[in-house]
Amino acid sequence: MAASTSMASLGQAQNTTPLTYPKTEKGETVDVYFDTKVKDPYRWLEDDKSAETAAWVKEENKVTYDYLSQIPFRDQLKSRLEKLWNYEKISAPFKEGKFIYYYKNNGLQNQAVLYRKDDKGKEEVFLDPNTFSKLGTTSLGGVDFSKDGSKAAYSISEGGSDWRKVILMDVNNFKIIEDTLVDIKFSGIAWKGNEGFYYSSYDKPKGSQLSAKTDQHKLYYHKLGTPQKDDKVIFGADQKRRYVGGSVTEDNRYLVITAANSTYGNELYIQDLTKPNSPIITIVDNFKSDSNVIENSGSKLFIETDWKAPNKRIVSVDFSNPKPENWKDVIPETENVLTPTTGAGYIFANYMKDAVSIVKQYDYSGKLVREIHLPGLGTASGFGAKKEEKTLYYSFTNYITPGTIYSFDPKTGKSDVYAKSKVDFKSEDYVSTQVFYTSKDGTKIPMIITHKKGVKLDGKNPTILYGYGGFNISLTPSFSVSNAVWMENGGIYAVANLRGGGEYGKKWHDAGTKMQKQNVFDDFIAAAEYLIGKKYTSSDFLAIRGGSNGGLLVGATMTQRPDLMKVALPAVGVMDMLRYHTFTSGAGWAFDYGTSADSKEMFEYLKNYSPVANVKEGVKYPATMVTTGDHDDRVVPAHSFKFAAELQEKQASANPVLIRIDINAGHGAGKSLAATIQESCDIQAFTLYNMGFTSLPKNL
């Protein structure tokens with residue numbers, strides 16, 4: 001039986017009359033780029049502090065939620081999502097001081113709770129983010145412990161913002177030990193012994209904290225017992241860098257500093273912390289590679305780098321003379337991309353072959369100890385721990401295997417199941433297949449297609465095609481409850497590993513950047529054409545989805561080939577390519593995109609695919625639901641606002657164009673489980689409804 005008929009009875013097209021959208025006023029703003037005038041009628045929507053923008057958001061949400069509330073199976077879908085998500089989830093344990101810590105969610109808690117056990121096995125709650133705010137909009141950003149484990153610094157995010165507060169606690173009595181640190185952004189916490197820590201931030205921007213440009217990152221040192229205003233700038237006061245990070249080696253011997261102006265390429269510095277007022281020494285003085293110190297053994301440094309090795313290698317060098325000309329290979333580059341971790345005195349080389357994991361264990365001399373036997377083809381992650389640990393942990397997952405945590409003995413290589421997922425999903429009923437298809441220029445692109453066994457390839461299966469294609473980020477197989485419900489209902493889920501990502505190293509990434517960016521969209525279009533050509537689906541049953549840079553991917557694809565899909569689902573997307581670099585930290589994305597100020601050629605290239613600039617009058621666009629958060633200070637919501645306004649004005653068909661704006665929500669991190677479930681429900685309900693489905697199977 002065809003999946004489409006087992007899934008629901010097909011009704012007539014739901015939408016024969018166009019929706020009535022809120023009136024979006026048009027301004028007279030015109031920008032001039034290299035003698036070319038570009039109208040920007042919805043510039044006023046960039047003002048996130050204005051009453052007019054707030055009123056527009058409220059009116060748009062009313063139209064959206066009125067529409068969604070009329071979908072007959074929406075409540076049923078939400079109920080199923082809640083039921084499947086309602087299982088205990090637990091993380092791998094980690095030791096700090098005299099306690100063992102781990103995260104646990106009892107089922108439908110909005111945020112995971114951090115628990116701990118003492119040496120007698122007594123369990124207690126250490127931090128419960130669900131108590132941070134009544135609405136569940138404040139989340140735990142991270143927790144870092146002092147060297148002896150007696151103190152904890154934990155960060156919180158309010159309303160999904162990237163700006164964080166850091167709170168200091170005595171772990172023995174749960175007492176807050178000093179004033180909260182504020183205005184910290186894009187930062188870890190790196191303790192120097194027990195007396196203080198390093199963190200990074202920008203000066204508070206003038207204008208809106210959610211949208212104003214931030215481009216000078218600084219590394220600070222906070223000494224316990226002193227006010228934040230006295231924190232010393234360690235790096236970034238004299239050197240203007242957009243991204244600065246600090247880490248301290250496990251033995252507290254060195255401070256490692258990375259500095260960058262874009263999302264690729266960093267300088268690398270190091271400072272000897274054993275000698276007061278020691279100088280900061282330069283290891284890498286340019287932005288032509290990604291390099292970082294991952295471990296040290298005394299004065300011997302181990303560095304992960306793609307310098308002269310696009311797929312990465314591990315090198316060693318002595319602190320006394322750490323320049324690249326003195327680097328020696330420990331683990332040479334291979335044909336597969338390397339991501340290393342360290343633990344128990346070993347280096348674990350996690351290689352990616354066609355987007356799936358191969359893990360090898362090495363000693364510090366570069367000698368192969370073993371290849372680690374994994375449960376199947378999928379994504380392995382973990383193995384990171386302190387040097388003295390005797391047991392390590394890793395997780396394994398793929399599109400049909402819920403995440404399972406394994407304990408690992410680094411001496412014997414033996415793996416044991418530590419925590420098996422308790423989700424009610426029968427992996428044996430599903431199949432996940434990797435295919436390779438040909439893009440427009442002949443490049444072979446991998447894609448993994450996952451669905452219920454026995455699906456009939458008749459072109460009528462509702463299908464979500466997901467992609468990202470940017471910033472050297474790799475899409476590796478992982479299980480998702482939301483996708484499980486989609487597939488349970490007969491849907492197909494396909495993920496294409498597009499150029500611009502990191503699946504095949506630096507060359508693959510570079511092939512999807514700047515003047516090569518169209519390759520990414522061509523790869524995505526070719527993925528859709530493959531699914532249609534092989535009759536997995538057809539244009540009437542295809543949805544395309546992506547978030548952030550993937551939102552740009554969806555926006556560009558649907559404006560270039562609106563005939564190709566029935567539904568478009570761009571999330572928190574970069575939609576205005578002529579102005580993205582003027583907001584928050586957007587200028588740092590220029591390595592991937594280039595900017596409209598670079599050259600006339602770059603401006604014209606960006607304008608040619610920028611989603612906001614390419615919505616045309618008289619074109620029949622697919623049913624579209626744009627999603628964003630009103631507190632997104634990574635990709636400001638104005639991108640999505642302007643794109644939705646353009647589509648609503650120019651849509652030539654009855655297909656709905658909605659924008660769903662989460663209130664007090666950001667780019668996605670820390671989103672409550674309740675909000676996640678509701679968003680998943682609304683996306684799937686909107687998608688199926690616009691493919692003509694009027695009900696879900698009766699067995700749900």
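1. Strand β5 and strand β6 (residues 113-117) are antiparallel and are joined by 5 bridges. Within this pairing, Y101 stands opposite R116 in β6. The model discussed in this note is a predicted one. As general background, the strands of a sheet pair through backbone hydrogen bonds, in either a parallel or an antiparallel manner.

2. Strand β5 has further partners. It pairs with strand β4 (residues 94-96) in the antiparallel sense over 3 bridges, and E96 has F99 of β5 as its bridge partner. The hairpin of β4 and β5 has 2 residues between the strands, and G97 takes a positive phi near 60 degrees there. Strand β3 (residues 89-90) also runs antiparallel to β5, with 2 bridges between them; here K89 stands opposite N105 of β5.

3. How much of strand β5 is buried? The strand spans residues 99-105 and is mostly covered, since 5 of its 7 residues are buried. For reading such a strand in the structure, it helps to recall that side chains in a regular strand alternate between the two faces of the sheet.

4. A separate point concerns an open sheet of 4 strands. Its order is β12-β13-β14-β15, and the pairing is antiparallel. Strands β12 (190-192) and β15 (232-235) each have a single partner strand and stand at the edges, so one side of each has no neighbour in the sheet. On average, neighbouring strands of this sheet are turned by 40 degrees against each other, direction ignored. At one edge, β12 is joined by 3 bridges to strand β13 (residues 196-202), and the two run antiparallel. One of the residue pairs is A190 with its bridge partner Y198 in β13.

5. The largest nonpolar core of the model comprises 113 residues. Which residues have the most contacts inside this core? They are Y437, M447, I449, L465, Y593 and F686. Helix α6 (residues 518-533) gives the most to this core, with 9 residues. A second, separate core has 14 residues, including L140, Y154, I156 and M169.

6. M447 merits a closer look as a member of the largest core. When residues up to four places away in sequence are not counted, M447 touches T433, Q434, V435, Y437, L465, A494, V495, A496, A527, Y530 and L531. Among them are Y437 and L465, which also appear in the list of residues with the most contacts inside the core.

7. Helix α6 also packs against another helix. In general, two packed helices are described by the angle between their axes and the distance between the axes. The axes of α6 and helix α7 (residues 549-560) come within 10 Å and cross at roughly 70 degrees. The two helices are therefore roughly perpendicular to each other. On the side of α6, the contact is made by Q518, V520, F521, F524 and I525; on the side of α7, by L552, L553, A556, T557 and Q560.

8. The loop between β37 (567-571) and α8 (590-593) contains R579. Is R579 buried or exposed? With a relative accessible area of 15%, R579 is buried, because buried means under 20%. Leaving aside neighbours within four places in sequence, R579 is in contact with D31, Y33, D40, R43, E46 and K642.

9. F583 belongs to the loop between β37 and α8 as well. Its relative accessible area is 8%, and F583 is buried. The C-alpha atoms of F583 and E46 are separated by 9.5 Å, although the two residues are 537 residues apart along the chain. E46 has already been named among the contacts of R579.

10. E488 lies in helix α4 (residues 481-488). At 18% relative accessibility, E488 counts as buried. The side chain of E488 is joined to that of R80 by a polar contact of 2.6 Å.

11. Two lysines deserve attention for their backbone angles. Most residues other than glycine have a negative phi. K312, which is not a glycine, has a positive phi of about 80 degrees. This residue is found in the loop between β21 (300-305) and β22 (313-318), and K312 counts as buried at 18% relative accessibility. K535, likewise not a glycine, has a positive phi of about 65 degrees; K535 lies in the loop between α6 and β36 (542-547).

Methods:
Residues numbered from 1 in each chain as written. Heavy atoms only, no water. Buried < 20%, exposed > 50% of the residue type's maximum accessible area, 1.4 Å probe, protein only. Polar contact = N/O pair within 3.5 Å; in protein donor to acceptor, adjacent residues only side chain to side chain. Pairing = 2+ DSSP bridges. Axes fitted to C-alpha atoms, helices over the stretch in contact; angles between N-to-C directions. Core = buried A, V, L, I, M, F, W, Y, C linked by side-chain atoms within 4.5 Å. Contact = heavy atoms within 4.5 Å. Parallel < 35°, antiparallel > 145°, perpendicular 65-115°, else oblique.
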